Amino acid sequence: MAAQNLYGPGVRMGNWNEDVYLEEERMRDFLDKREKGELLIQRNRRLKKNILRPMELSVTEDGFAHYGDKVILVNPDHPQGEEAGLFQEGDLSLCMSPDEVKAQICDELEVPCGVSAVQTITPMGRNTFTILRDSTSSDAVDQVLRYGQSFCLGIPAGLECKTANEKIIIYHRHTNRALAAHRHLFLRTYFGKEVEVAAHTHLDSHRVEKPKNHWMLVTGNPRNRSTTVLNLPTPPSDDTRAVEQVMGINT
């Protein structure tokens, strides 16, 4: 007599009961973490929402940068020099770049973190800095930042012709090397491909810092709070004003 097959497609084999319990445990753990906001995607969204949130720059009525001002640090657009290959054009702002692995498991920015340069001058959490006095200074908040003074830039997580738009060189105190935006070198950051920023002084044949070492402390536009002073038209020079007056053009 032939043996009868007692097993059909609906018969469960192996440790099916244990698998069911494990799946139920994973689902309970998932729902519990979601309720507490501890899922990786939830942490990731909170971090991005925080460091990409819109910021408002300080507006300086006297046109100078002050301790306590909120600014963006801009490497102004300049033509390609001796660099070969790809070259990032446009105005670049200094941005903080959190570690990609740490950013996936934490919803708060861990410091210290790296920096990069990004083709944007829109104020946001990751590129807006507060000018702070260093530990050796007794300068008060709102006091004008002057040439040669040491200062710090902290993350809070002007007028046309004044010093808020002047190009400056920022030297690292311990190495005495200037901050530089290497537009031909790119980094893969948490936010994608961005420009490398390093402390290295680039000098031309006259021993003068090159444009990659030039930065500007950019404040808010006094005429339009949603833009920066970089959006203001360039004021006419004295020579241009003289010509316009001779030609009878109102200025």
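The exercises below, each with a worked solution, concern a predicted model of a protein chain.

**Exercise 1. The chain as a whole**

Task: State how many helices and strands the chain has, and what share of its residues is buried.

Solution. The chain contains four helices and eleven strands. Of its 251 residues, 33% are buried. The accessible surface comes to about 16300 Å², and carbon and sulfur atoms account for 52% of that surface.

**Exercise 2. Helix α2**

Task: Check the length of helix α2 against its number of residues, and determine on which side of α2 its buried residues lie.

Solution. Step one concerns the length. Helix α2 covers residues 40-51, which is twelve residues, and at 1.5 Å a residue it should span 16 Å. The C-alpha atoms at its ends are 17 Å apart, which agrees with that expectation.

Step two identifies the buried residues of α2, namely N44, L47 and I51. These residues cover an arc of only 65° around the axis, so they lie on the same side of α2. The general background is that an α-helix has 3.6 residues a turn, so residues three or four places apart point the same way.

Step three turns to the surroundings. The cover over the buried residues of α2 includes β2 (92-97) and α3 (100-105). On the other side of the helix, R45 and K49 are exposed.

**Exercise 3. The nonpolar cores**

Task: Describe the largest nonpolar core and name the strands that each supply at least two of its residues.

Solution. The largest nonpolar core has 17 residues, and those with the most contacts inside it are L73, L94, A117, I131, L179, W215 and L217. At least two residues of this core come from each of β1 (70-75), β2, β4, β7 (179-189), β8 (192-199) and β9 (215-218). There is also a second, separate core of seven residues, including L57, V74, V229 and L232. As a general tendency, nonpolar side chains in soluble globular proteins are buried together.

A117 may be examined further. Leaving aside residues up to four places away in sequence, A117 touches L92, S93, A181, E194, V195 and V197.

**Exercise 4. Residue T130**

Task: Decide whether T130 is buried or exposed, and give its C-alpha distance to S58.

Solution. T130 belongs to strand β4, residues 129-133. Its relative accessibility is 12%; because buried means under 20%, T130 counts as buried. In sequence T130 and S58 are 72 residues apart, while their C-alpha atoms are 9.3 Å apart in space.

**Exercise 5. The loop between β8 and β9**

Task: Characterise K210 and R207, both placed in the loop between β8 and β9.

Solution. Begin with K210. At 21% relative accessibility, K210 counts as partly exposed. Apart from residues up to four places away in sequence, K210 touches E82, H202, L203 and D204. K210 and A180 are 30 residues apart in sequence, with a C-alpha to C-alpha distance of 9.1 Å.

Next, consider R207. R207 has a relative accessible area of 64% and is exposed. R207 has a positive phi of about 60° although it is not a glycine.

**Exercise 6. Residue N176**

Task: Locate N176 and state its phi.

Solution. N176 lies in the loop between β6 (167-168) and β7. Its phi is positive, about 55°, although N176 is not a glycine. With a relative accessibility of 56%, N176 counts as exposed.

**Exercise 7. Cysteines**

Task: State how many disulfides the whole structure has, and classify C113 and C152 by accessibility.

Solution. A search of the whole structure finds zero disulfides. C113, with a relative accessible area of 26%, is partly exposed. C152 is partly exposed at 32%.

Conventions:
Residues are numbered from 1 along each chain as its sequence is written. This is a predicted model: local features need pLDDT of at least 70, side-chain atom pairs count only at pLDDT 80 or more; totals for chains, interfaces and linings use all residues. Side-chain values use heavy atoms; hydrogens and water are left out. The expected span of a helix is 1.5 Å times one less than its number of residues. Buried means under 20% relative accessible area, exposed over 50%, partly exposed in between (1.4 Å probe, protein chains only). The arc is that of the directions from the helix axis to the C-beta atoms. Contact means heavy atoms within 4.5 Å. A disulfide is a pair of cysteine sulfur atoms within 2.5 Å. Accessible areas come from the Shrake-Rupley method with a 1.4 Å probe; for residues, only the protein chains shown count as cover. A nonpolar core is a set of buried Ala, Val, Leu, Ile, Met, Phe, Trp, Tyr and Cys residues joined through side-chain atoms within 4.5 Å.
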